[in-house]
Amino acid sequence: MQNKLFLSSVLLYFSLSYLPLLGQATYTYQEDHKLFRDGLELLDRKLYAAAQHSFKSFMKIGTDTEQRIEAQYYMAFCALHLSEPDADTQLEIFLAAYPYHPKALDAYYQWGEVYFEEGEYIKAIEFYEKVPERRLTAARQDDRNYKLGVAHFERRRYNQAEMYFNKLKNGTGKYAYSASYYAGFIAYQEGRYNLALADLQKASESEEFASKTPILIADIYYKEKKYTELIAYTAPILQRREQVVQIEMLYLLTADAYFYREELARALTNYKQYLGLKSSQPAEEIFYRVGFCQYQTKDYKGAIESLQNMANINTAMGQSAAYYLGLAYIQENNKRFAVTALEQAKNRNFDATVEQEALWLLGRLNFDLERYDESISDLKKLVADFPQYPERNEALDLLGQAYLYSNKLDEALVYLESINPRSPKVNAAYQQITFAKGSEFFNKSNFAGAIPLLQKSLQINQIKRLTEETYYWLAEAYLLSDQPQKAVVYYQNILSLDQPNFIYTPKSHYGLGYAYYNSEEYARAIPHFQYYITRRSTDDDRKYFEDAYLRLADCFYATRDYSNALLYYDRIITLNYVDKDYAYFQKGVIEGLRNNNTLAQASFETLINQYPNSLYRDRAFYQKALSEMSSGSFAVATTGLTRLISESPSSSAIPDALQLRALAYVNIGNQNAAIEDYKRIVNDHTLHPNATDALFSLQELLGAQGRDAELAPYLAKYKEANPQSQTTEKLYFESAKTMYFNQQYAQAANAFKQYINSYPQSAFKGDALFYLGESYYRQDDFVNALIYHRQVVQEKKGAFIARSTRRAAAIYAQNKEYRNSVAYYRILSDVTESKREQIDAWIGLVEGYYELQRYDSLNYFAAQVINQPDIAGSKNRALLYQGKVAYRQQNYTQAINTFQKVTQGNTDENGAEAQYLTAEILFKQQKNRESLDVLFELDKKYSAFEKWRGRGFLLIADNYIALKETFQAKATLQSLIDKSPDAEIVQQARIKLQSIQ
């Protein structure tokens with residue numbers, strides 16, 4: 001009671017004591033209340049900085065305890081919104097001081113809200129989870145749970161997120177659709193598609209999510225391979241052209257669904273919609289599926305465009321893309337491009353089925369394109385690697401045919417003989433291949449090799465007409481291998497067929513004529529030559545017809561039927577046949593035998609004057625002299641013989657001419673001139689059979705004049721060269737030759753050098769020098785080879801002057817010393833007695849003058865070659881260089897026309913080079929497709945010449961690049977890199993490929 005009274009007294013005291021200040025306190029209370037109220041208004045308007053300032057001002061003067069507590073909270077709240085670093089610290093101070101204040105609960109919630117809005121989900125979660133859910137209103141509970149779900153979702157804490165969304169997704173509450181969307185998305189991400197589908201379908205009922213859910217729902221159907229359901233779902237959406245998220249992907253999923261349902265036309269429609277909407281580069285597999293659909297719906301051009309994007313990629317899908325790209329090219333009848341694509345499919349080992357199908361198609365395509373080596377390679381791999389392939393037997397049949405047309409006849413024989421049993425088609429191919437290989441040996445004059453192969457072909461008898469043809473070529477092989485009696489048997493087999501119109505019937509008569517001719521049964525030969533002349537095929541080479549005329553004349557000559565012989569020799573002359581110089585020679589001989597010396601001499605004179613390059617001209621001189629001597633005109637005879645000796649000092653007829661002239665000199669009493677001719681025979685032609693008679697005649701004439709002493713040196717030389725027994729010198733020489741012919745070239749070189757040093761005056765020195773030069777040549781020592789071959793030419797001794805001249809010229813050409821090569825080829829042209837060597841000399845001159853850029857001289861000798869019979873492609877070579885000159889001079893039209901002459905009907909290396917150069921000209925003229933056609937023909941026709949084939953493929957790639965066919969260019973270059981045996985070509989291909997990658 002006392003205390004209460006005391007308190008009352010105190011209060012009263014204070015009240016009375018401060019009565020003067022009452023007005024001032026009321027003013028302060030009103031000001032701080034206004035500051036607090038202004039802070040709340042500013043806070044409500046989210047003007048956090050101004051609100052914070054107002055609350056801070058309030059705290060300086062405010063006295064209301066509750067307002068001060070709330071002001072402290074609001075200042076921290078403003079600091080949070082203003083992102084002040086000590087906002088959380090201010091909150092912690094507030095919560096420490098007033099943990100049970102109502103604002104404490106609101107603080108956690110509000111802090112969570114702010115951090116959530118700012119995307120700081122970790123802090124948002126931290127504060128939201130501090131709010132007891134039970135103390136929140138139902139609305140705030142939903143807000144908190146939804147935002148906690150979103151915060152966990154954004155942090156990829158899907159389990160926690162889903163827990164909160166599951167609380168909200170049922171029913172029709174504020175967050176039901178959003179929560180369903182998030183929950184569905186989480187289930188979708190985790191592969192729980194049934195649950196995801198239910199949630200997303202619910203979310204799609206909301207306008208907010210109607211555009212977002214279709215891609216997810218469609219993808220669920222796609223991942224579960226429910227393609228029918230997917231199409232049923234997406235088709236109406238796409239038909240209505242609804243505005244949905246990732247509409248292009250919806251088209252893609254729909255396209256894929258149709259693709260897997262094999263409704264490819266509809267798939268293609270949707271793929272095109274997808275590609276039209278897609279702004280970036282689509283995935284590679286899309287190009288594949290589009291291309292596949294285009295191929296299956298027969299849009300082959302579209303398929304080619306699409307599949308090219310995939311076909312270079314080394315994956316299973318790339319392999320399949322290359323395969324279908326090849327099929328599309330086949331449908332477009334572009335077999336060349338198809339081959340390039342299928343090569344890519346074949347070279348990848350992801351899918352064995354694709355690989356074997358590609359091999360089979362390649363085997364057929366390359367066969368159709370006449371690329372037989374490639375066809376063989378593909379078909380052999382198919383048969384070996386896929387023995388169960390359904391078309392294996394067909395592949396074997398085609399393989400036999402490819403071998404038949406290829407250049408791999410040896411390989412073909414081995415391979416086809418390994419097949420057992422052989423089908424009729426393979427047997428037919430084997431018959432043809434043995435025949436072709438036999439023919440190859442035959443054409444190389446290897447008749448011993450040809451005969452057993454032709455016999456093998458004969459045994460098969462699968463192709464009747466080929467069997468009949470084989471009879472003929474066996475007969476020819478026996479005839480040319482000097483077995484005429486065996487040849488007769490097979491010729492008679494042809495004639496027994498009784499087929500006058502068979503091409504080989506007249507030819508067999510011709511062959512039989514030769515068989516009897518070679519057996520010296522001239523009378524039996526005559527009717528067969530006569531049959532051939534009257535019944536030969538118009539397709540036969542004219543030279544055989546002319547030759548039959550010549551042999552028929554010879555047969556009449558041999559049987560001494562001179563009238564008929566002269567009749568046919570005169571026809572040869574009248575018809576201007578190639579060998580009319582020989583006809584003149586024979587006619588002169590016959591007239592001489594008939595003692596018609598005037599006619600004989602006239603015939604020989606015509607030959608001598610009209611045919612200065614004839615091989616019979618020297619003999620004509622000799623025979624004319626004989627005729628003149630037989631009529632007593634010895635002085636006249638010496639004139640002709642002197643002309644022969646002076647004009648043709650290297651002629652093989654010189655020993656006979658010297659001997660005959662010596663005899664003529666004796667007959668006109670000029671013994672001294674005769675003595676000089678006999679000396680010359682013994683001295684210069686010691687090994688010739690005439691040397692013996694010359695020595696005896698010399699002994700007789702010198703003895704008659706008392707000049708016996710002059711005989712001694714000639715007798716010594718003769719004895720040295722013609723010993724009565726094997727002398728040491730002869731043994732040395734023959735031993736060295738044996739080493740040479742046994743291919744012991746180093747030992748042979750040493751032996752010949754020792755021989756020359758030991759016997760410097762030997763009659764065999766010229767021959768020894770030749771063999772010494774050849775021994776070095778065979779060791780690739782061209783420097784020493786040249787030294788000794790030149791010595792042979794300079795000394796003009798031995799039987800090998802022409803061969804040494806030819807070798808020296810070739811070495812100079814190889815060393816690119818073209819001035820020297822030209823000089824030696826000109827010497828060869830003068831000294832040779834062989835038509836072939838003369839033509840070789842002219843070809844050497846053509847090549848040398850090309851390098852020296854002396855085109856007039858080149859054209860002169862090229863014309864000489866072209867006007868002679870063709871020997872080993874000589875005309876082709878000459879024409880090629882004429883074309884190259886035109887090319888150098890940029891006369892492209894003339895060059896191409898000339899190159900076409902080279903390639904027409906010819907498959908030698910000259911043709912290969914001409915074909916390539918034609919393509920190169922067309923490329924320079926930007927005629928790329930024409931250039932490609934020429935190069936494809938090069939690959940087909942000249943596959944044996946790897947140098948030109950490799951260069952051709954490089955040019956093919958250049959043409960493709962110019963045509964913007966990048967896939968084809970890359971594939972061509974890669975094929976060169978993988979297959980070419982030429983390192984230089986491979987390197988160039990690598991450089992080109994890198995430049996277009």
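Tyr472 is buried in this predicted model, since its relative accessibility is just 5% and the cut-off for buried is under 20%. Its ring pairs with that of Trp473: the centres are 4.9 Å apart and the planes stand at 80 degrees, so this counts as an edge-to-face pair. Phe116 and Tyr121 make another pair of that kind, with 5.7 Å between ring centres and 75 degrees between planes, so they too are edge-to-face. Phe116 is buried as well, at 13% relative accessibility. Aromatic pairs add up to 89 by the rule used here.

Some of these ring pairs join up into a cluster. Its members are Tyr146, Phe153, Tyr158, Phe165, Tyr175, Tyr181, Tyr182, Phe185, Tyr188, Tyr193 and Phe209. Charged side chains also meet aromatic rings. Lys130 places its charged end over the ring of Phe127, at 5.4 Å from the ring centre. Arg807 does likewise with Tyr777, where the charged end sits over the ring and the distance to its centre is 3.8 Å.

Next comes the chain as a whole. The protein chain has 54 helices and zero strands. Its radius of gyration is 54 Å, well over the 30 Å that the globule rule gives for 997 residues, so the chain is more spread out than a compact globule. The C-alpha trace spans about 200 × 65 × 50 Å along the principal axes. Buried residues account for 50% of the 997 residues. Looking at contacts between residues at least 6 apart in sequence, 51% join residues at least 24 apart. The accessible surface of the chain is about 49300 Å², and carbon and sulfur atoms contribute 48% of that.

Back at the level of single residues, Thr805 sits in helix H44, which covers residues 801-814. With a relative accessibility of 0%, Thr805 counts as buried. A polar atom of the Thr805 side chain lies 2.7 Å from the backbone oxygen of Ile801. Beyond the residues up to four places away in sequence, Thr805 touches Val793, Tyr824, Ile827, Leu828 and Val831.

Gln432 belongs to helix H24, residues 424-443. Setting aside neighbours within four places in sequence, Gln432 is in contact with Gln401, Leu404, Ile463 and Leu466. Asn461 is 29 residues away from Gln432 in sequence, and the C-alpha atoms of the two are 10.0 Å apart in space. The loop between helix H23 (409-417) and H24 holds Pro421. The peptide bond joining Asn420 and Pro421 is cis, with omega at about 0 degrees.

That bond goes against the usual pattern, and two glutamines do so in another way. Most peptide bonds are trans, and most residues other than glycine have a negative phi. Gln246, not a glycine, has a positive phi of about 55 degrees. This residue is in the loop between helix H13 (227-239) and helix H14 (247-260). Gln246 is partly exposed, its relative accessible area being 40%. Gln743 also has a positive phi, near 65 degrees. The loop that holds Gln743 runs between helix H40 (728-741) and helix H41 (745-758). At 57% relative accessibility Gln743 counts as exposed, because the cut-off for that class is over 50%.

One more loop residue is Ser943, found between helix H51 (928-941) and helix H52 (946-962). Although it lies in a loop, Ser943 is buried, with a relative accessible area of 16%. Its contacts, leaving aside neighbours within four places in sequence, are with Asp373, Asn407, Leu938 and Arg949.

Technical notes:
Residues are numbered from 1 along each chain as its sequence is written. This is a predicted model: local features need pLDDT of at least 70, side-chain atom pairs count only at pLDDT 80 or more; totals for chains, interfaces and linings use all residues. Side-chain values use heavy atoms; hydrogens and water are left out. Rings of Phe, Tyr and Trp (its six-membered ring) pair if their centres lie within 6.5 Å; planes under 30 degrees apart count as stacked, over 60 as edge-to-face and the rest as tilted. Buried means under 20% relative accessible area, exposed over 50%, partly exposed in between (1.4 Å probe, protein chains only). A charge sits over a ring if NZ of Lys or CZ of Arg is within 6 Å of the ring centre and within 35 degrees of the ring normal. Helices (H or I, at least four residues) and strands (E, at least two) are DSSP runs, numbered from the N terminus. A polar contact is a pair of N or O atoms within 3.5 Å; within protein, one must be able to donate a hydrogen and the other to accept it, and residues adjacent in sequence count only if both atoms are side-chain atoms. Contact means heavy atoms within 4.5 Å. The radius of gyration is taken over C-alpha atoms; the globule rule is 2.2 Å times the number of residues to the power 0.38. Accessible areas come from the Shrake-Rupley method with a 1.4 Å probe; for residues, only the protein chains shown count as cover.
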